[in-house]
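Here are some exercises to work through with the coordinates open beside you. Try each task on your own before you read its solution.

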Amino acid sequence: MRRFFLTILAVVIATIALLFTAAALGSVSARHAVAMLRPVTGFQQNGPVFQEVLDATAAMAVDRALTQAIGVVEDTFDTEFTRNPEVYLPATLDRFKDFCARRDLLGCVVRGRLFVTPDLVRQPDTRLPVLLTHEAVHLLLLEQLSLMQLAVTPVWFSEGLAEYVSKGPVVDECAIVAEIRDGAGFFPNDTGWLLAFEGPESFGLSLATFYRQAHGFVSFLARRDPAGFVDVLQKYLDGQSVKSAINQGTGALTEALWREWLAGC
Ligand SMILES: [Zn+2]
């Protein structure tokens, strides 16, 4: 009997540990935990770029975009990466899904490695630097914050911030507000999914809509009080929770800021 309970306890602890690690590393669901454990083999190095199929032109385009992305992220957070970011290019969409757990992403960060979907590498236009900047934000936070802090960071904040840093402010904030007022919107809870996972599916939103709305709210925070927003980022990097960083940086509670945003259009 005692052995039975110990086995159950071990399974429960192992499951919690796996989910916790997935949450801490910026994953959006439990299936990411499985993808995360996959060994990264079969990639060949070309500078900071690792390819399953060697392609010097693609490696150069990615290297250029990565340098640009690193510059933007380091400037925004007023800090430096302690490790040079590495980009992994799986050869097929199936291989990309092996590491990123879903096909509808353009990139992801797994165990400190930045993976990019093959389609995007074949079209190294402006979208590649934007994607690498978005993922580099996740990478920097992964490098600088504790696992606990990452695990309790709400998804809307990390994705909205990554979108804001990579794409700049949204121009159609009021269109997003109208969409949310109509009932198809997220709500910016202060705590992340270690306590309550709240990603796109929780609000019945597509990935693209959730990202756009989170981007809109973060743009509002930055526009409302630019100096206060810089302060929010610094406090968050210093280890404060999102709730406390927003509260102290802007002087207001997240929920009050949310109501102000919705009422302002
Ligand atoms: Zn992201």
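The exercises below concern a predicted model, and each is followed by a worked solution.

**Exercise 1. Overall make-up**

Task: Find how many helices and strands the protein has, and what share of its residues is buried.

Solution: Start with the secondary structure, which comes to 14 helices and five strands. Next, turn to burial: of the 265 residues in the protein, 38% are buried. Finally, look at the contacts between residues at least 6 apart in sequence; 68% of these join residues at least 24 apart.

**Exercise 2. The length and faces of α3**

Task: Check the span of helix α3 (residues 56-77) against the value expected at 1.5 Å a residue, then work out where its buried residues lie around the axis.

Solution: Step one is the length. Helix α3 has 22 residues, and the expected span is 1.5 Å times one less than that number, so the helix should span 32 Å. Its end C-alpha atoms are 31 Å apart, which agrees.

Step two is burial. The buried residues of α3 are A58, A59, V62, A65, L66, A69, I70, V73 and F77. Viewed down the axis of α3, these residues fall within an arc of 150 degrees, so they line one face of the helix.

Step three is the other face. Turned away from the buried side of α3 are the exposed residues A56, T57, G71 and D75.

**Exercise 3. Two positive phi angles**

Task: D78 and A101 each have a positive phi. Place each residue in its loop and decide whether it is buried or exposed.

Solution: First, some background: most residues other than glycine have a negative phi.

Now take D78, which follows α3. D78 is not a glycine, yet its phi is positive, at about 50 degrees. This residue sits in the loop between α3 and β3 (87-89). D78 has 10 C-beta neighbours inside 10 Å, and therefore counts as exposed.

Then take A101, in the loop between α4 (93-100) and β4 (107-110). A101 is not a glycine either, and its phi is positive, about 75 degrees. With 22 other C-beta atoms within 10 Å, A101 is buried.

**Exercise 4. How α12 meets α13**

Task: Describe the packing of helix α12 (residues 226-237) with helix α13 (residues 242-250), and then find which side of α13 holds its buried residues.

Solution: Begin with the geometry. The two helices pack at an angle of about 145 degrees, and their axes are 8 Å apart. The crossing of α12 and α13 is right-handed.

Next, list the residues that make the contact. From α12 come G228, F229, D231, V232, K235 and Y236, and from α13 come V242, A245, I246, Q248, G249 and T250. Sorted by class, the contact has six nonpolar, four polar and two charged residues.

Last, look at burial in α13, where V242, A245, I246 and G249 are buried. They cover an arc of only 95 degrees around the axis, which puts them on the same side of α13. Their cover includes α8 (155-167), α12 and α14 (254-263). Just after α13 comes G251, with a positive phi near 80 degrees.

**Exercise 5. Helix α11 and its surroundings**

Task: Compare the reach of α11 with the expected value, identify its buried residues, and describe the setting of R223.

Solution: Helix α11 has 18 residues and reaches 26 Å from its first C-alpha to its last, close to the 26 Å expected. Its buried residues are F210, Y211, R212, Q213, A214, H215, G216, F217, V218, S219, F220 and L221. Among the elements that cover them are α8, α9, α12, α13 and α14.

R223 also belongs to α11. This residue has 13 other C-beta atoms within 10 Å, so R223 is partly exposed. R223 and P169 are 54 residues apart along the chain, while their C-alpha atoms are separated by 8.1 Å.

**Exercise 6. I180 and its contacts**

Task: Say whether I180 is buried or exposed, and find which residues it touches beyond four places away in sequence.

Solution: I180 lies in helix α9 (residues 173-181). I180 has 20 C-beta neighbours inside 10 Å; the cut-off for a buried residue is 20 or more, so I180 counts as buried. Leaving out residues up to four places away in sequence, I180 touches G185, Q213 and L262. The C-alpha atoms of I180 and L262 are separated by 8.1 Å, with the two residues 82 apart along the chain.

Terms used. Residues numbered from 1 in each chain as written. Predicted model: local features only at pLDDT ≥ 70, side-chain atom pairs only at ≥ 80, totals over all residues. Helix = DSSP H or I, 4+ residues; strand = E, 2+ residues; numbered from the N terminus. Buried ≥ 20, exposed ≤ 12 C-beta atoms within 10 Å, placed from the backbone. Arc of directions from axis to C-beta. Axes fitted to C-alpha atoms, helices over the stretch in contact; angles between N-to-C directions. Left-handed = near helix turned anticlockwise from the far one by under 90°. Contact = placed C-beta atoms within 7 Å. Nonpolar A, V, L, I, M, F, W, Y, C, P; charged D, E, K, R; others polar.
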